[in-house]
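Let's take a walk through this one together. Have the sequence and the 3D view open, and we'll go step by step.

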Amino acid sequence: MSTNLIEFKDVSFRYGEDQPWVLKNVSFTIDEDEWVAIIGHNGSGKSTIAKLINGLLFPQEGEILIDGKKVTEDSIWDIRKDVGMVFQNPDNQFVGATVQDDVAFGMENRGISRETMVERIESTLNAVGMKDYLLTEPHRLSGGQKQRVAIASVLAISPKVLILDEATAMLDPNGRKEIMQTVSGLQDRQGLSLITITHDLQEVVQADRVLVMNGGQIWDEAEPRKIFAKKEELREIGLDVPFVAILADALLDAGITIAHEPLNHEELLEDLWTLHSKT
Amino acid sequence: MDITFENVTYIYQKNSPFEHKALENLSLHIESGSYVAVVGHTGSGKSTLISHLNGLSIPTEGKVKIGKYALSENEKINDMKELRSKVGVVFQYPEHQLFEETVEKDIAFGPENFGVPKNEIKTRIQKIIPAVGLSEDLLERSPFDLSGGQMRRVAIAGVLAVKPDVLVLDEPTAGLDPRGQKEMMDMFYQLHKEQGTTTILVTHSMEDALKYADHVIILNKGTKYMEGKPEDVFVQREALNRVQLDVPEIVQFISEFNERFDTTIPFQNQSMTELAQMIQRTLKGAESP
Ligand SMILES: Nc1ncnc2c1ncn2[C@@H]1O[C@H](COP(=O)(O)OP(=O)(O)OP(=O)(O)O)[C@@H](O)[C@H]1O
Ligand SMILES: Nc1ncnc2c1ncn2[C@@H]1O[C@H](COP(=O)(O)OP(=O)(O)OP(=O)(O)O)[C@@H](O)[C@H]1O
Ligand SMILES: [Mg+2]
Ligand SMILES: [Mg+2]
């Protein structure tokens with residue numbers, strides 16, 4: 001058994017023969033239990049990667065392996081059983097007439113028992129704060145409620161690979177935090193390759209590794225701290241760094257040198273405290 | 001155009017078992033030429049509120065006044081089109097407002113519909129395309145063959161092309177990359193300053209509300225929970241937490257710093273540079289423990 005759950009080998013993709021390449025020689029691996037954040041400017045190819053992983057698209061060049069199996073027209077039905085994906089716009093994925101049916105749908109397809117289904121509908125909708133909406137039609141939900149239900153539906157199938165394509169973009173910071181806690185809780189409990197595509201820098205700092213896309217190519221790949229140390233270069237490709245990294249820079253200008261690139265408030269406060277105690 | 005909500009209640013699917021009260025007895029006033037942010041938890045009624053501004057929803061009870069137009073159960077507007085030429089709305093999900101065959105036709109649809117001459121539309125499009133960060137070679141593409149962020153930019157371009165007096169933005173930067181978020185917000189602000197566009201922004205970014213708006217309205221369960229100047233509202237942590245909202249990150253950091261160092265750095269809507277200097281002075285001035 002390999003621990004590489006996902007492998008892209010020299011993958012190139014374009015949406016048509018007369019269209020430009022949108023992915024060029026992309027190679028990377030993602031381990032089981034790993035959380036990888038994919039960031040990059042609009043149109044850099046992030047959603048295309050997601051669609052290639054669950055076989056909504058197939059590459060013209062290179063190959064993609066999921067759990068050692070090559071993604072092809074034949075293998076894709078099997079592979080999709082293990083892959084849960086939330087799309088950028090949840091309207092594109094609702095299939096049930098009610099919220100409850102929608103969460104049930106993915107489980108039915110995977111032959112999960114009635115009993116477990118009932119349990120999971122309740123627990124996942126509860127986890128995303130939507131348990132009062134069991135009988136609501138999905139199209140009658142607010143923007144953020146739709147995202148919450150879409151996330152419940154994929155959590156319910158308990159996938160091995162979970163891809164969240166800007167799945168929390170319509171939530172407030174607090175709501176985002178809660179949802180990501182739920183997801184990473186699931187990852188801790190039962191193991192899961194987690195791929196989050198996001199423009200939310202707070203979310204990126206929590207990942208194990210960051211893949212930075214630029215113009216269809218991998219621009220860099222490293223842990224968040226190393227990525228966010230490249231402030232100016234990131235800005236050049238349309239990205240930015242989190243609040244604490246900007247403040248650390250401003251502190252440097254004010255004559256306070258922070259020892260290492262902070263990723264969150266506690267780290268920055270800790271560094272300031274150490275400095276303060278020394279003087 | 002001044003905008004007023006007078007005791008507005010809005011009920012979805014009224015008189016059915018699924019009846020849902022999304023706004024309840026809501027009154028508010030938005031002055032012509034102001035920049036107002038609307039903030040609130042998931043499902044608090046923000047999108048419902050703004051759907052009244054271009055007559056997409058009519059109050060179940062109460063009245064909405066937009067300039068000379070009044071909307072209520074018994075006063076239906078005959079000229080909805082005129083209202084919609086003055087109030088431009090960017091919806092929460094951009095797909096909901098794209099429908100033409102090509103990006104160019106999509107952007108031209110609004111102004112064409114409101115009788116703007118063809119050559120004037122061309123000029124407008126040429127200006128808007130770079131302003132929203134799109135590249136010219138996407139103009140002939142179907143708007144559905146775009147990335148999420150590109151669709152968002154097209155949807156925004158289509159609304160701007162009408163040159164509305166009132167610009168209503170429902171989370172307009174969701175899906176944009178960090179540079180796009182900043183450039184787009186700066187552009188809306190510039191329109192607001194230069195053209196006097198009344199701007200109503202629904203956002204989850206307390207930072208944006210703080211940076212751009214003169215007034216913020218906090219909704220909770222369809223009612224007005226708080227309102228005021230952003231710098232006054234966003235320091236009230238407990239009140240915000242009660243409706244599942246957070247203070248902006250800078251306010252949060254300052255309070256954590258003060259707690260840790262037993263200091264009293266105030267929040268004054270200061271820049272990062274100013275904050276860094278305050279921290280520097282505080283650390284230098286304070287006795288070490
Ligand atoms: N169905 C399609 N047909 C043709 N081109 C497409 C299609 N979908 C996307 N593209 C193009 O492929 C490129 C990559 O798109 P993709 O959706 O992967 O970007 P992304 O990184 O997810 O961007 P965003 O942050 O805006 O969501 C873009 O230039 C886009 O215009
Ligand atoms: N078409 C509809 N039919 C019935 N109920 C609806 C409909 N649209 C919204 N609602 C309900 O009305 C309430 C307010 O929804 P609204 O879309 O105004 O919220 P919101 O503040 O914009 O939330 P979000 O931040 O999630 O976009 C929610 O509880 C929602 O479920
Ligand atoms: Mg995308
Ligand atoms: Mg909304």
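What follows starts at the ligand and then steps back to one of the chains.

Keep in mind that this is a predicted model. A good place to begin is ligand 1, which sits between chains A and B. There are 21 residues around it, and the ones that come nearest are A:Lys46, A:Thr48, B:Ser147, B:Gly149 and B:Gln150. So much for who is there; what kinds of residue make up the shell around ligand 1? The split is three nonpolar, 14 polar and four charged.

Now zoom in on some individual contacts. On the chain A side, a polar side-chain atom of A:Ser47 is 2.8 Å from an oxygen atom of ligand 1. Over on chain B, the side chain of B:Arg141 places an N or O atom 2.9 Å from a ligand oxygen, and B:Ser147 has a polar side-chain atom 2.6 Å from an oxygen atom of ligand 1. How much of the ligand does the protein bury? Ligand 1 on its own exposes 640 Å², and 91% of that is buried by the protein. As for secondary structure, the elements giving two or more residues to the shell are α1 (46–53) of chain A and α5 (148–160) of chain B.

Finally, step back to chain A. An unreviewed UniProt entry lists residues 6–240 of this chain as "domain: ABC transporter". In the model, that span is 36% helix and 26% strand, and its end C-alpha atoms lie 27 Å apart.

Conventions. Residues are numbered from 1 along each chain as its sequence is written. Chains are lettered from A and ligands numbered from 1 in the order in which they are written. This is a predicted model: local features need pLDDT of at least 70, side-chain atom pairs count only at pLDDT 80 or more; totals for chains, interfaces and linings use all residues. Side-chain values use heavy atoms; hydrogens and water are left out. A residue is near a molecule or strand if one of its heavy atoms lies within 4 Å of it. A polar contact is a pair of N or O atoms within 3.5 Å; within protein, one must be able to donate a hydrogen and the other to accept it, and residues adjacent in sequence count only if both atoms are side-chain atoms. Accessible areas come from the Shrake-Rupley method with a 1.4 Å probe; for residues, only the protein chains shown count as cover. Helices (H or I, at least four residues) and strands (E, at least two) are DSSP runs, numbered from the N terminus. Ala, Val, Leu, Ile, Met, Phe, Trp, Tyr, Cys and Pro count as nonpolar, Asp, Glu, Lys and Arg as charged, and the others, Gly among them, as polar. UniProt positions are given in the numbering used here, feature names are shortened, and annotations may be inferred rather than shown by experiment.
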